[in-house]
Amino acid sequence: MINKTNAAKSVVHLETSLRRKSGIPDARISDFFDVVSGSGIGGVLAALLFTKGKDGQPLFTSSDALKFVAERRFCKKQGFFKRMVGSAGNGSKMFKRTFGDLSLKDTVKSVLIPCYDLTTGGPFVFSRADAVEMDGCDFKMSDVCAATMAVSGPIATMSVDRRTRISAVTGELAMNNPTAMAITHVLNNKQEFPFCNGVDDLLVVSLGNGEPFCGVAGNQTPSRSAFVKIVGETVSDTVDQAVSMAFGTSRTSNYARIQANKGFGNRGKDTDVLKLVDQMLSQKNVESILFQGKKCNDTNLDKLEFFAISDFFDVVSGSGIGGVLAALLFTKGKDGQPLFTSSDALKFVAERPFCKKQGFFKRVVGCTGNGSKVFKRTFGDLSLKDTVKSVLIPCYDLTTGGPFVFSRADAVEMDGCDFKMSDVCAATMAVSGPVATMSVDRRTRISAVTGELAMNNPTAMAITHVLNNKQEFPFCNGVDDLLVVSLGNGEPFCGVAGNQTPSRSAFVKIVGETVSDTVDQAVSMAFGTSRTSNYARIQANKGFANRGKDADVLKLADQMLSQKNVESILFQGKKCNDTNLDKLEFFASEIVKETERRKTNILPTVVLRQTTTSSSPRTSSATTLSINSSN
């Protein structure tokens, strides 16, 4: 499955190797793969390699395709939503010259190329399988490529029979890493793949471009396009880790992700793209596994960490406003009890001025600043060590170009990881610009921006923390031992009428929504048959309310609770159950049962560590993460 730009040279190497091993000197990459998917430049590559010409063979060899994307004007200049090969336009005229009137029906194998349809506010997938069944789903390949590359603005796209019309923007918004889409297509398409019953029957190659290093010197505010790159990187990593987990023990033999590590090359104005790809191919291959972390040549990278919530929860995590809520509910006051009840916390976030106005990276409760003064008055000198349970609150550190997680577990082991709760909240809410943050002992310094960049849905981080922290959770051996409630704020509907170009903040919302949905689906799949009893995601449906300037936030929340609860499962789709409120009521009863059961246990289920001065963190700690999560 071909993902994007520098995948081109990876395909050249792969095609060369397949020719050598098969003994067929003129073999094409399409001879060895049954399905191809790609977004943006990856979609263009898929079209070049799998669209057949007059002789019945694909129009391009892999070497020709590499030359095409490396030399063309639309691949040279910089623009919005670019990766290794940027784009300042969609290259419509060039695609028309290349493909003529060839359509999806003229591809040699199953092809899946996504874009984002602004009229419906959701992804739209150009599919050969759909095209051969319905004329209304057949599009010219020139239009498909223009749609998945639509960076500078939306493109009005219509099917060959002119019945289906969409307003398309780049496929990188819809599916920055389309590997899961391709797997889903195969597992649910019994007409074309009748003998494929699970991921063990698949061989998957996922080719990425590699994200440029997004670190920023000092406290300089990054551009909004840099913010989008960060979120896009999060999407690709999350999909990679979810897919890797789905393959289980067969991931080393059945699944390969070829992706450059962060900061692998400095791409300047005149940088030779092909040299950068050579650098990427010579790097160590990194294996990512959801809930387990990453491996590079059998060396484990730092693993994910997480927090809890008061008397009935062992771990709590949250980013942005979710991080503030976690801090309010789990930081203890002078009496040893949490500073806020849930009612007081709701009143706090609903009435404070830093939560009222609209800004960038907001959800239902927007934010235009980090509220540093408010947090200092609220928390005083209380730090991570003063929380009552395990707490995990992420931000994004611009100096390292990666997530940074404020963790009680790390704080009690190393003074250099203990931060004041006021600074933690200011960091995870840093929307208007980076906040210089340092630990209590002043040894650790970061340049923080909002945690919603790092982990828009932190559920996976919390699960990872528990499953890999045997010191505090000695009897937890798998997800079947967990009860997880994931609370989201709900994304406003991001559809745009006609061909109007959406704002850049709207683009970021779309990508943020993708991250949250992907994490939700991956976690739901991980719970398997126990997902209805052990895992609940409470989230507003798209477009659930029109949040205007004077909208009542509490009324919007009531609307969300009265909505149908949506259960998402990776590779299987979604279905509606009872209301969100009913789901919460069910889980409340399950949590009470678990609390009563623990009273009869001889040994404690959770062994919360006390303050120490150890010089090194636990093996399960991960102050800098590779997965993202949220409120």
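How many salt bridges does a search of the whole structure find? The search finds seven, where a salt bridge means a side-chain nitrogen of Lys or Arg within 4 Å of a carboxyl oxygen of Asp or Glu. Before we look at some of them, a word on the model itself. This is a predicted model, in which local features need pLDDT of at least 70 and side-chain atom pairs count only at pLDDT 80 or more, while totals for chains, interfaces and linings use all residues. Residues are numbered from 1 along each chain as its sequence is written, and side-chain values use heavy atoms, with hydrogens and water left out.

**Salt bridges**

The table lists three of the pairs, including one between Arg163 and Asp161.

| Pair | Closest N to O distance |
|---|---|
| Arg163 and Asp161 | 3.1 Å |
| Asp381 and Lys420 | 3.2 Å |
| Asp415 and Lys385 | 2.7 Å |

Helices (H or I, at least four residues) and strands (E, at least two) are DSSP runs, numbered from the N terminus. Asp381 bonds with Lys420 in a salt bridge. Asp381 sits in the loop between helix 14 (372-379) and strand 12, and Lys420 in the loop between helix 15 (408-413) and helix 16 (421-428), so this pair ties together parts that are 39 residues apart in sequence. Lys385 and Asp415 form another salt bridge. Here Asp415 is in the loop between helix 15 and helix 16 and Lys385 in the loop between helix 14 and strand 12, so the parts tied together are 30 residues apart in sequence.

How open are these residues? Buried means under 20% relative accessible area, exposed over 50%, and partly exposed in between (1.4 Å probe, protein chains only). Asp381 is exposed at 63%, whereas Lys420 is partly exposed at 30%. Asp415 is partly exposed, with a value of 30%. Arg163 counts as exposed at 65%, and its partner Asp161 as partly exposed at 25%.

**Two arginines with positive phi**

Most residues other than glycine have a negative phi. Arg162 has a positive phi of about 65 degrees although it is not a glycine. Its place is the loop between strand 4 (155-158) and strand 5 (165-169), and it is exposed at 52% relative accessibility. Arg442 also has a positive phi, near 65 degrees. This residue lies in the loop between strand 14 (435-438) and strand 15 (445-449), and its relative accessible area of 52% makes it exposed.

**A hairpin and a covered helix**

Strand 12 (residues 390-397) runs antiparallel to strand 13, and six bridges join them; two strands pair if DSSP finds at least two bridges between them. Leu392 stands opposite Ser407 in strand 13. The two strands form a hairpin with four residues between them, and Gly401 in the turn has a positive phi of about 70 degrees. Strand 13 (residues 402-407) is mostly covered, with six of its six residues buried.

Helix 6 (residues 141-148) is mostly covered too, with seven of its eight residues buried. Among them are Met141, Val144 and Cys145.

**A nonpolar surface patch**

Phe475, Ile602 and Leu603 form a nonpolar patch on the surface, with about 380 Å² of accessible area together. Patches are made of residues with over 30% relative accessible area and no salt bridge, with like charges joined within 9 Å and nonpolar side chains (Val, Leu, Ile, Met, Phe, Trp, Tyr) within 5 Å. Accessible areas come from the Shrake-Rupley method with a 1.4 Å probe, and for residues only the protein chains shown count as cover. Ile602 is found in the segment after helix 22 (580-598) and is exposed, at 83%.
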